[in-house]
Each structure stands twice: as C-alpha cells, then as structure tokens.
Amino acid sequence: MSRRTPRLFAAALAVGALLLGGCAEKTSTDSPAAGTSSAAAFPVTVGKLTLDKRPEKIVSLSPTATEMLFAIGAGKQVTAVDDQSNYPPEAPKSDLSGFQPNAEAIAGKSPDLVVLANDLNKIVDQLTTLKIPVLLAPAAATIDDTYQQITDLGALTGHPGEAADLTRKMKDDVATLTGSLPKRAEKLTYYHELGPELYTATSKTFIGSIYALAGLENIADPSDADGKNGGYPQLSQEVIVKANPDFVFLSDTKCCQQTAETVKARSGWAGVTAVKNNQIVALDDDIASRWGPRVVDLLRTIVDATAKVPA
C-alpha cells in the first residue's frame, strides 16, 4: 500500500486504508451462512437512505466496506471496488479512488448503491444529485460501530440473516479471546507504530479500543491527553524509550518494511523491554488499519502475543 502522511491517518482510516494482523482466519465471502436466509423485504431504510429493491450493482470505495460486503454474502452484487480494496482477492478492484472520488467515474459504473467511508470532495452531494444511492459508513470508533455497519449493510443488500450471523460469531470470538486473558497485577504496556516517523494511536481511537479489549495499557495516551492530535500523536524516541513498553506492535510492515530487526537497530532502543524480550510483533498492515470482520484476527494476534508473558 502506498505510504500516506501520518497527519492524514485519520482520513485514511475513514476511507478504509488507515495507513496502512498475522495469519487471518478467512471470513465467508459469498456463501450465506448455514441455517440463514438471505431473503429480505424491501423497501429498506438505513438512516436517511431508502432502497426500494435489492441493489445488484454495488460500488464500494472503502476497503473495510468491501470486506464487510463479501463477508455477509453480498459479494456477487459488488461490481466495482476502489483501488485499495485488496481483500478478499476476488473483489472486483478498479481504478476508482476513495481518497480522490470522482463522481463521473463512479457514475460510469452505473451503480444502484455506492458505499463510502468519507465524504471527500463532497462526493455524497454529487452522487445524490445524480440520483445515485449512497451509504456513508465512516471509520468506527468502537467495535460496536463495526457491528452496526455490518448490520446496516446486511439490511440494505438483502442479507440481514448473514449479517446477524457474522456479528454474532464476531461477538462470540471476542468474548472467547477476552475471557482467556490471564489475570495480571499490572497491565502490560504497548506502543503501536503507524510508521517509522513514530506516529501512533491512543486509546481514544478504534485501534486503541482493540488493545484495551486485550487488557493492555497504551504508552501514547499522555501525549495526546488534550486530544489536539485527534488520537494520533507523534512520539519522540525519548518518550518511547522512557515509557519502556512491554510490547511494540508494528502496523508499518508493508508500507515501510519495518521489522523486529529494524526496531532493534534503532539508536537507544536496546534497553526497551519489548526489544530485550523479543516482544516486537509484526502486524498485517491491512488488518490493523480496518474496522471490518478481520478485527477479530487482530485481537487474536494481540492476545496470543501477550499471553506468552507470565502473569
């Protein structure tokens, strides 16, 4: 994935490529879950959007929405996705951009539903003027937002049962993972790296909320206590070394080729607990940057890594 300036990190998240996760458990793509029915009554209303019939030519300009659509069995209704939607592999990738959306190019796909994560270039108004139905599904703040977006997409695409099954499975998996956490006298601390410039995410962000589920403490929180950085402060090496995190999680392995070795080679980092104890965890940039079904895989990676530390 192309590298984006950390200042635009929040905007990148909102269009589904949040800058930038291990061996992911593959989510269902096109087959309805066993025992469910994809039948749904139309018209269906979600927010201010009403669809009179099931959409059959969906355009997704959000990698996260793309993952959700395929996971609930609506993949065959998706006719085009943006240039950052690389999962699942069968998604019909195009040259459409979620970062620089072009109404004319989108209209050229003759969509009966467009799913966006951000209203860049006032694209929602432009598409509405063209009488193209639009669902704005912005970056999640919590995992409950993820569940709601899956539910909304299930309703709008005629797959409410599959969406309900998916959210139920995600909730069960999250409960299992969090229920297996060891009891610790003190929380383990971590630093989540967005890029080698040392931009990170605090507990106030979606990614931070996932670490919180895993019972970890974020060393970045004091650096953005006033919220002026929107939850994405840039730390100094001195701050990180002084905080001495137990874990370093890298979500810049693809975009910036960061590894445990590159972290260990950084000046002054040799004494950091995460470095001394080989507790530097390489994440899949894509999984760590999206708020879709694979967030469970991200949580699993975090829990599995931290479980190796004796309580």
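Reader: Which elements cover the buried residues of helix 6?

Author: In this predicted model, what covers the buried residues of helix 6 includes helix 2, helix 5 (143-157), helix 7 (206-213) and helix 11 (295-306). The residues of helix 6 that are buried are Glu162, Ala163, Asp165, Leu166, Thr167, Met170, Asp173, Val174 and Leu177.

Reader: How many residues does helix 6 have, and what distance should they span?

Author: Helix 6 takes in the 20 residues 160-179, and at 1.5 Å a residue these should span 28 Å; the C-alpha atoms at its ends lie 28 Å apart, which agrees.

Reader: Which salt bridges have both partners in helix 6?

Author: The general idea has two parts. Side chains of opposite charge can pair when their charged atoms come close. An α-helix has 3.6 residues a turn, so residues three or four places apart point the same way. In this structure, Asp165 and Arg168 both belong to helix 6 and are 3 residues apart, about one turn of the helix, and their side chains meet in a salt bridge at 2.7 Å, N to O. Lys169 and Asp173, also both in helix 6, are 4 residues apart, again about one turn, and form a salt bridge whose closest N and O atoms are 2.8 Å apart.

Reader: Are Arg168 and Lys169 buried or exposed?

Author: Arg168 counts as partly exposed, because its relative accessibility is 45%, and Lys169 counts as partly exposed at 39%. Their partners Asp165 and Asp173, by contrast, are listed among the buried residues of helix 6.

Reader: How many salt bridges are there in total, and which residues are joined into one network?

Author: The count comes to 11 salt bridges. Salt bridges with shared partners link Glu67, Lys254, Asp284, Asp286, Arg290 and Arg294 into one network. Another pair is Arg54 with Glu56, where the closest N and O atoms are 2.8 Å apart; Arg54 is partly exposed, its relative accessible area being 32%, and Glu56 is partly exposed as well, at 37%.

Reader: How many residues of helix 7 are buried, and what covers them?

Author: Helix 7 is mostly covered, with 6 of its 8 residues buried, namely Phe206, Ile207, Gly208, Ser209, Ile210 and Tyr211. Their cover includes helix 5, strand 7 (189-193), strand 9 (247-250) and helix 11. After helix 7 comes Gly215, whose phi is positive, near 80°.

Reader: In what order do the strands of the open sheet stand, and where does helix 2 pack?

Author: The open sheet is formed by 4 strands in the order 4-3-5-6, with parallel pairing. Its edges are strand 4 (78-81) and strand 6 (134-136), each of which pairs on one side only, and neighbouring strands are turned by 20° against each other on average, direction ignored. Strand 5 (residues 113-116) runs parallel to strand 6 and is joined to it by 3 bridges, and Val114 stands opposite Val134 in strand 6. Helix 2 (residues 63-71) packs on this sheet, where it touches strand 3 (58-60), strand 4 and strand 5, and its direction makes about 140° with that of strand 3.

Reader: How many disulfides are counted, and how far from Cys255 is the nearest cysteine sulfur?

Author: The count is 0 disulfides. For Cys255 the nearest cysteine sulfur is that of Cys256, 3.1 Å away, whereas a disulfide would need the two sulfur atoms within 2.5 Å. Cys255 counts as buried because its relative accessibility is 12%, and Cys256 is buried too, with a relative accessible area of 15%.

Terms used. Residues are numbered from 1 along each chain as its sequence is written. This is a predicted model: local features need pLDDT of at least 70, side-chain atom pairs count only at pLDDT 80 or more; totals for chains, interfaces and linings use all residues. Side-chain values use heavy atoms; hydrogens and water are left out. Two strands pair if DSSP finds at least two bridges between them. Helices (H or I, at least four residues) and strands (E, at least two) are DSSP runs, numbered from the N terminus. Axes are lines fitted to C-alpha atoms, for helices over the stretch in contact, and angles run from 0 to 180 degrees between N-to-C directions. Contact means heavy atoms within 4.5 Å. The expected span of a helix is 1.5 Å times one less than its number of residues. Buried means under 20% relative accessible area, exposed over 50%, partly exposed in between (1.4 Å probe, protein chains only). A salt bridge is a side-chain nitrogen of Lys or Arg within 4 Å of a carboxyl oxygen of Asp or Glu.
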